[in-house]
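Subject: Structure handover

Hello,

Here is the structure you are taking over. Please keep it open beside this message while you read.

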Amino acid sequence: MKVLVTGGAGYIGSVVTRVLIEDGHDVVVLDDLSTGHRDAVPAGVPFVHADIADAGDVLAREPFDGVLHFAAKSLVGESMNRPELYWATNVCGTRHLLDAMRRHSVPRLIFSSTAAVYGEGGPDGIGEDTPPRPTSPYGTSKLAVDLMISDECRAYPLGAVSLRYFNVAGAYGPCGERHRTETHLIPITLDVAAGRRPHLEIYGNDWPTPDGTCMRDYIHVLDLARAHVVALQHARPGHHAIYNLGNGRGFSVREVVAAVERVTGRRVPVTVAPRRPGDPAWLVADDSRARAELNWQPQADLDTIIADAWAFHQQRRHTDGLAGGGTTS
Ligand SMILES: NC(=O)c1ccc[n+]([C@@H]2O[C@H](COP(=O)([O-])OP(=O)(O)OC[C@H]3O[C@@H](n4cnc5c(N)ncnc54)[C@H](O)[C@@H]3O)[C@@H](O)[C@H]2O)c1
Ligand SMILES: O=c1ccn([C@@H]2O[C@H](COP(=O)(O)OP(=O)(O)O[C@H]3O[C@H](CO)[C@@H](O)[C@H](O)[C@H]3O)[C@@H](O)[C@H]2O)c(=O)[nH]1
């Protein structure tokens, strides 16, 4: 298929772009490079430096079979302080994209939704039919888009799939997490293991969980990418399908730290800091619907996810000459 990948210079979008190309698809990437990197887009893939609000200019040039829409603001903590950014980019930006898709008769949409739409979970996995109660503007904005897409599919022949990712981590070859300001647990913990930060701050040790730290469900970015390729085939006109993508198993922040120490053979000093506003205690997926209907199955366990992220981290250290504290770039 000929597809447009918005946010294809970002972490997940760049991995999915690679996997789509390996699967024989013809990809164009659109990204404003606000958090992405031009060099994350594979060589030879046409790149458009633009905002999603202007995606119509690209869709007007030639027929597209689908759009994979990753471009977004996506940090829970930031969204608590700057909610307007989340409504403008995630909701208004996607509204413009949907209008352009309709104008240019693009039949398929794969949307990056999130576990953050559910709000507080619990030890039992969260299924797609759980009533959404987001605890942050990030989650609210993504839920608003999911609802907007459902309305669009009811009224028009668009076929859409929302994939609700749980915590994505790991790397695929030259593509991994390298946000200018990193907030995600695994890359920060790897920075500590590498001696680039003095310690990890654990955001709260008094949560209602077995060891008092937050529980999350980590999924390898390559497992996630493969689900997108399947979902593209699965989109049916006038239908909006929603699938959780996780591993179905929760790990606490302290368990992630222990896994990083095990995989890297390095010590990770920690301190306990206050809870981060907007964080739920538990987010663990019931991903049985994706396994059954998409015939998809995640392969990588937590140690593999961390080992691949660590290999990427070490490789960036060499290519970027990174040393000492600071952020990845
Ligand atoms: N990382 C996770 O664990 C996770 C979990 C659930 C959902 N998601 C979703 O997956 C998607 C990708 O996340 P990521 O971790 O790769 O983030 P990322 O920040 O690395 O990638 C987002 C990309 O979108 C681009 N972008 C942002 N605003 C844009 C705009 N207005 N116009 C054009 N491009 C724009 C950025 O430059 C960046 O390249 C997001 O929609 C996010 O909400 C991520
Ligand atoms: O320095 C840190 C960073 C994180 N955490 C904790 O680690 C857990 C995971 O945090 P993080 O890696 O920032 O991911 P989340 O906030 O869980 O959000 C990610 O996972 C969500 C789905 O679960 C997605 O919607 C978001 O886009 C994605 O950023 C949370 O409990 C944090 O409080 C710390 O204790 N210290």
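The notes below go through the domains, the two ligands, some strands and a few single residues.

Please keep in mind throughout that this is a predicted model.

Domains

The domain assignment splits the protein into two parts, and each part is made of more than one stretch of chain. Domain 1 covers 2–170 + 219–245, while domain 2 covers 185–214 + 250–286 + 300–322. Their C-alpha centres are 26 Å apart. How many residues of domain 1 are in contact with domain 2? There are 21 of them, and they meet 17 residues of domain 2. On the domain 1 side, the helix that gives the most is α3 (residues 76–81), with 4 residues. That side of domain 1 consists of 12 polar, 7 nonpolar and 2 charged residues.

Ligand 1

Ligand 1 has 26 residues around it, and the closest are G7, G10, G36, A72 and S74. Four elements supply at least two residues each to this shell: the helices α1 (11–22) and α4 (83–103), and the strands β5 (108–114) and β7 (167–169). Which of them gives the most? That is α1, with 3 residues. Sorted by class, the shell around ligand 1 has 13 polar, 10 nonpolar and 3 charged residues.

Ligand 2

Around ligand 2 there are 22 residues, of which T114, H184, L185, Y203 and C214 are the closest. Here α6 (185–193) and β8 (200–203) each supply at least two residues. β8 gives the most to this shell, with 4 residues. The classes in the shell around ligand 2 are 13 nonpolar, 5 polar and 4 charged. From which domains does this shell draw at least three residues? Both domain 1 and domain 2 supply that number.

Strand β1 and its partners

Start with strand β1 (residues 2–6) if you want to practise reading a sheet. Is this strand largely enclosed or open? Of its 5 residues, 4 are buried, so β1 is largely enclosed by the rest of the structure. A residue counts as buried here if 20 or more other C-beta atoms lie within 10 Å of its own.

β1 pairs with strand β2 (residues 26–31) in the parallel sense, over 5 bridges. One pair to look up is V5 in β1, whose bridge partner in β2 is V29. Between these two strands the chain passes through α1, and the β-α-β crossover formed in this way is right-handed. The helix α1 was mentioned above as the element that gives the most to the shell around ligand 1.

β1 also runs parallel to strand β4 (residues 66–69), joined to it by 4 bridges. In this pairing, T6 has H69 of β4 as its bridge partner.

A small sheet

There is also an open sheet of 3 strands, in the order β12-β9-β14, with mixed pairing. Its edge strands are β12 (251–252) and β14 (282–283), each of which pairs on one side only. Strand β9 (residues 215–216) and β14 run parallel and are joined by 2 bridges. R216 is the residue that stands opposite L283 of β14.

Single residues

Two residues have a positive phi although neither is a glycine: L33, at about 60°, and N295, at about 55°. L33 sits in the loop between β2 and β3 (47–49), and N295 in the loop between α9 (288–293) and α10 (302–320). How exposed are they? L33 has 14 C-beta neighbours inside 10 Å, so it counts as partly exposed. N295 has 9 C-beta neighbours inside 10 Å, so it counts as exposed.

The last residue on the list is I126, in the loop between β5 and α5 (137–155). Is I126 buried or exposed? It is buried, because 25 other C-beta atoms lie within 10 Å. Leaving aside neighbours within four places in sequence, I126 is in contact with Y118, G121, V284, A285 and D286. I126 and C153 are 27 residues apart in sequence, and their C-alpha atoms are 25 Å apart in space.

Regards

Notes: Residues are numbered from 1 along each chain as its sequence is written. Chains are lettered from A and ligands numbered from 1 in the order in which they are written. This is a predicted model: local features need pLDDT of at least 70, side-chain atom pairs count only at pLDDT 80 or more; totals for chains, interfaces and linings use all residues. A residue is near a molecule or strand if its C-beta atom, placed from the backbone, lies within 6 Å of it. Ala, Val, Leu, Ile, Met, Phe, Trp, Tyr, Cys and Pro count as nonpolar, Asp, Glu, Lys and Arg as charged, and the others, Gly among them, as polar. Domain bounds come from an automatic or database domain assignment. Two residues are in contact if their C-beta atoms, placed from the backbone, lie within 7 Å. A residue is buried if 20 or more other C-beta atoms lie within 10 Å of its own, exposed if 12 or fewer, and partly exposed in between; C-beta atoms are placed from the backbone. Two strands pair if DSSP finds at least two bridges between them. A crossover is right-handed if, with the strands pointing away from the viewer, the path from the first strand over the helix to the second runs clockwise.
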